[in-house]
Amino acid sequence: MSSLYERIGGDAAVEAAVDVFYKKVLTDDSISQFFETTDMDAQREKQKKFLTVAFGGPNDYSGKDMRAAHAHLTLTEDHFGAVAGHLQATLEELGVPEAEIGEAMAIAASTHDDVLGL
């Protein structure tokens, strides 16, 4: 069976998803403040590499693990839910099949405790 990364369309699909995802995140007043001082070009690139690995694509990610990357933030369940919701909406908007969205959301859910520092 091919990886989620391959089934959703590989590099082009991940790149499109990251662009749409951050448009949603940056216009959401409940979470956009976390990115006010962030270099968004670098963030998009980092996120693209992370999602590529998380979805079973080539590993070119050299960033921090989820716990370390979010340790300096005071994040809540609401923040996590908002980000997850934007990821799901992004994949739906891009026409990703329901089964693959479910798989992607399970991967996102697996980061819950690390992102929230639990």
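## Helices and salt bridges in a predicted model

The structure holds eight salt bridges, a salt bridge being a side-chain nitrogen of Lys or Arg within 4 Å of a carboxyl oxygen of Asp or Glu. This is a predicted model, in which local features need pLDDT of at least 70 and side-chain atom pairs count only at pLDDT 80 or more, while totals for chains, interfaces and linings use all residues. Residues are numbered from 1 along each chain as its sequence is written, and side-chain values use heavy atoms, with hydrogens and water left out.

### Three of the salt bridges

Here are three pairs to look up in the structure.

| Pair | Closest N to O distance |
|---|---|
| Glu100 and Arg7 | 3.0 Å |
| Asp11 and Lys48 | 3.1 Å |
| Lys49 and Asp60 | 3.8 Å |

Let us start with the top row. Glu100 and Arg7 form a salt bridge that links distant parts of the chain: Glu100 sits in helix H6 (residues 98-109) and Arg7 in helix H1 (residues 4-8), 93 residues apart. Helices here are DSSP runs of H or I with at least four residues, numbered from the N terminus (strands are E runs of at least two). Are these two partners buried or exposed? Glu100 is buried, with a relative accessible area of 12%, whereas Arg7 counts as partly exposed at 26%. The words have fixed limits: buried is under 20% relative accessible area, exposed is over 50%, and partly exposed lies in between (1.4 Å probe, protein chains only).

Now for the middle row. Asp11 is partly exposed, with a relative accessible area of 38%, and its partner Lys48 counts as buried at 14%. Asp11 lies in helix H2 and Lys48 in helix H3, so this pair ties together parts that are 37 residues apart in sequence.

In the last row, Lys49 counts as partly exposed at 28% relative accessibility. Lys49 belongs to helix H3 and Asp60 to the loop between H3 and helix H4 (66-70), so the pair ties together parts eleven residues apart in sequence. Salt bridges can also share partners: Arg7, Glu100 and Glu103 are joined in this way into one network.

### How the helices pack

Two packed helices are described by the angle between their axes and the distance between the axes. The axes are lines fitted to C-alpha atoms, for helices over the stretch in contact, and angles run from 0 to 180 degrees between N-to-C directions.

How do H2 and H3 pack, and at what angle? Helix H2 (residues 10-26) meets helix H3 (residues 40-54) at an angle of about 130 degrees, with the axes 9 Å apart. That makes H2 oblique to H3. Angles under 35 degrees count as roughly parallel, over 145 as roughly antiparallel, 65 to 115 as roughly perpendicular and the rest as oblique. The crossing of H2 and H3 is right-handed; this word applies if the near helix is turned clockwise from the far one by less than a right angle, and left-handed if anticlockwise. Among the residues that make the contact are Asp11, Val14 and Tyr22 of H2 and Met40, Lys48 and Leu51 of H3, where contact means heavy atoms within 4.5 Å. By class, the contact of H2 with H3 has seven nonpolar, three polar and five charged residues. Ala, Val, Leu, Ile, Met, Phe, Trp, Tyr, Cys and Pro count as nonpolar, Asp, Glu, Lys and Arg as charged, and the others, Gly among them, as polar.

H2 also packs against H5, at an angle of about 135 degrees and with the axes 9 Å apart. That makes H2 oblique to H5. H2 passes H5 in a right-handed crossing, and the residues of the contact divide into eight nonpolar, two polar and two charged.

Thr90 is a good residue to find here. Thr90 is in helix H5 (residues 77-93) and is buried, with a relative accessible area of 0%. Leaving out residues up to four places away in sequence, Thr90 touches Ala17, Val20, Phe21 and Lys24.

Finally, the axes of H5 and H6 come within 10 Å and cross at roughly 160 degrees. The two helices H5 and H6 are therefore roughly antiparallel to each other, and their crossing is right-handed. Phe80, Ala84, Leu87, Gln88, Leu91 and Glu92 in H5 meet Ile101, Ala104, Met105, Ala108 and Ala109 in H6. This contact of H5 with H6 divides into nine nonpolar residues, one polar and one charged.
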